[in-house]
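Reader: I would like to go through this structure with you before setting up any calculations. Could we begin with the strand pairing and then turn to the cysteines?

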Amino acid sequence: MSLRFLVLLSGLGLVACAGGDAESSTDTMASSAGFTTPGTTSTGEGSSTTDDTTSTSTTTSESTSTSETSTTTEACPAGGEGCECLEGDACDPGLECIDGTCIVDAGTDSDTDTDTDMSTGADPFCGDGIAVPDELCFSPAVTLGMGSGPAAVLAEDIDGDSLADVVCANSQSNNLTTRVYKGSNTFGSLSALIAETTPSDLVGVEVNGDANIDVIAANRGAGTVSLFAGSGDGKFIAGMSIPVGLQPRGLLTAKVDGDDFVDLLVANAADNTVGLLLGDGVGFGAMTPFGVGTTPVDIGTGDFNGDTNLDVIVANAGSGSLSMLLGNGQGSFGPATAVAAGGAPSAIAVGDVNGDGKLDLAVSVPSMDSAMVLLGAGFGMFSPSVPFSTGVGPTDIALADMTGDGALDIVTSNAGDNTVTVLRGTGVGAFMVAEPLAVGMAPAALAIGDFNGDDVPDLATADGAASTVTVLISDP
């Protein structure tokens, strides 16, 4: 089965999720949340303690959604009442599969509509081990002690077992911490890597061609990025520290100049630039800056004008705008073009939300408790933003197919009400009412990955006010 969630990264399968003071990089078809972003140890490896994981439960309740179905003499649609079951013995809401035929569930009334519990993501089919479209199911939350001031989190396989593990950037304790997934919704002991001042964002990617995930940290207080080379067993070796701009806030990796090496993009909040560092297969060269709007905090990439070259879109918190930089395919960009964001953005995600083959944008705006959606029109143009309500104070955003129906959904972390919200996509550019899931205090960033190997997306949040990461593992 192919992994249900869709990482929107142009040429890379990453999700970058960051935060700190609120911001992360998402990578969706090219954005550095789907998958993740947002420095040095004296021994070259992370040190380990015996800190055990702590599990906390979220309250779940089950309710059943029913819908009226009608039949005609011309056809009997699969999944409908009295018709054959869908793949996986699935049926329309309010029906159950008995001997290959969908009949009214004995616990429901086929003439009554009952909404799925929005407060927990509970679903009539949760827990049966079979992932079917439209399910949104999670086990009780797992709370992991990580470090002081979590600002960014990754869900990446750092130990080579094909299951996601947790990496966290801690902006107050100035370190990176890791926990390896051990199975059965448990994680191993805490390991730490010394970082530079105020690590605020992370990205996980293979930099040096050894097939192991490496980690790059943006050090907001130091004005640097640090590279930690992964050894493939959950440990890292401290590598180079590279000067960038002032107060780097957002990171994203992509192949910008046409070679096969990963390049690095960094949003420098205090000097209003995006920096490009070209990769050489070992590390990165010196930064080339490109001017953008005021206080850039997050970055997305994609081919927005249809010329097959990678372009960059930047979320500017200070100017309340987006900046688009069109790429020439050779490692450079044209001058920035301003795009109205609809408010002061904290993060951005890129993906095709309406299925027209053009990349669209989703932008989190904390002051409006909303995700703004801008549909791509091609030729580097976007429609005016349309708001969709999220939780309170969204800090990070990602686009992923959380429900397995083939449509991208919006996921946000919300510092104001300590939640993650999922807005189910309709596949035509609209989104349903936000479904909240409780996490730790003041989540600053989110990551999406697959911890338990069921090919269904799981969630992790960096809980900025709790010194924890909260993990929500799928339970189809």
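Author: Certainly. Two strands count as paired if DSSP finds at least two bridges between them. Please keep in mind that this is a predicted model. On that basis, strands 31, 32, 33 and 34 form an open sheet in the order 31-32-33-34, with antiparallel pairing.

Reader: Which are the edge strands of that sheet?

Author: They are strand 31, residues 394–400, and strand 34, residues 435–438; each has a pairing on one side only.

Reader: And by how many degrees are neighbouring strands turned against each other on average?

Author: The average is 20 degrees for this sheet, with direction ignored.

Reader: How many bridges join strand 32 to strand 33?

Author: There are 5 bridges between strand 32, residues 409–414, and strand 33, residues 419–423, and the two run antiparallel. As one point of register, Thr412 stands opposite Thr421 in strand 33.

Reader: Moving to the other sheet, what is the order of its strands?

Author: The order is 21-22-23-24: an open sheet of 4 strands, paired in the antiparallel sense. Its edges are strand 21, at 296–302, and strand 24, at 337–340, each pairing on one side only. From one strand to the next, the twist averages 25 degrees.

Reader: What links strand 21 and strand 22?

Author: Strand 21 pairs with strand 22, residues 311–316, over 6 bridges, again in the antiparallel sense. Gly302 is found opposite Asp311 in strand 22.

Reader: Now the cysteines, please. How many disulfides does the structure hold?

Author: It holds 1 disulfide. The partners are Cys126 and Cys137, with their sulfur atoms 2.1 Å apart.

Reader: Where do Cys126 and Cys137 lie relative to the strands?

Author: Both Cys126 and Cys137 lie in the loop between strand 5 (101–104) and strand 6 (142–145), so the pair ties together parts that are 11 residues apart in sequence.

Reader: For my torsion parameters, is the disulfide left-handed or right-handed, and why?

Author: The disulfide is left-handed, because the torsion about the S-S bond of Cys126 and Cys137 is about -85 degrees.

Reader: Is Cys137 buried or exposed?

Author: Cys137 is buried: its relative accessible area is 6%, and the cut-off for buried is under 20%.

Reader: What about Cys168, buried or exposed?

Author: Cys168 counts as buried too, at 0% relative accessibility.

Terms used: Residues are numbered from 1 along each chain as its sequence is written. This is a predicted model: local features need pLDDT of at least 70, side-chain atom pairs count only at pLDDT 80 or more; totals for chains, interfaces and linings use all residues. Side-chain values use heavy atoms; hydrogens and water are left out. A disulfide is a pair of cysteine sulfur atoms within 2.5 Å. Buried means under 20% relative accessible area, exposed over 50%, partly exposed in between (1.4 Å probe, protein chains only). Axes are lines fitted to C-alpha atoms, for helices over the stretch in contact, and angles run from 0 to 180 degrees between N-to-C directions.
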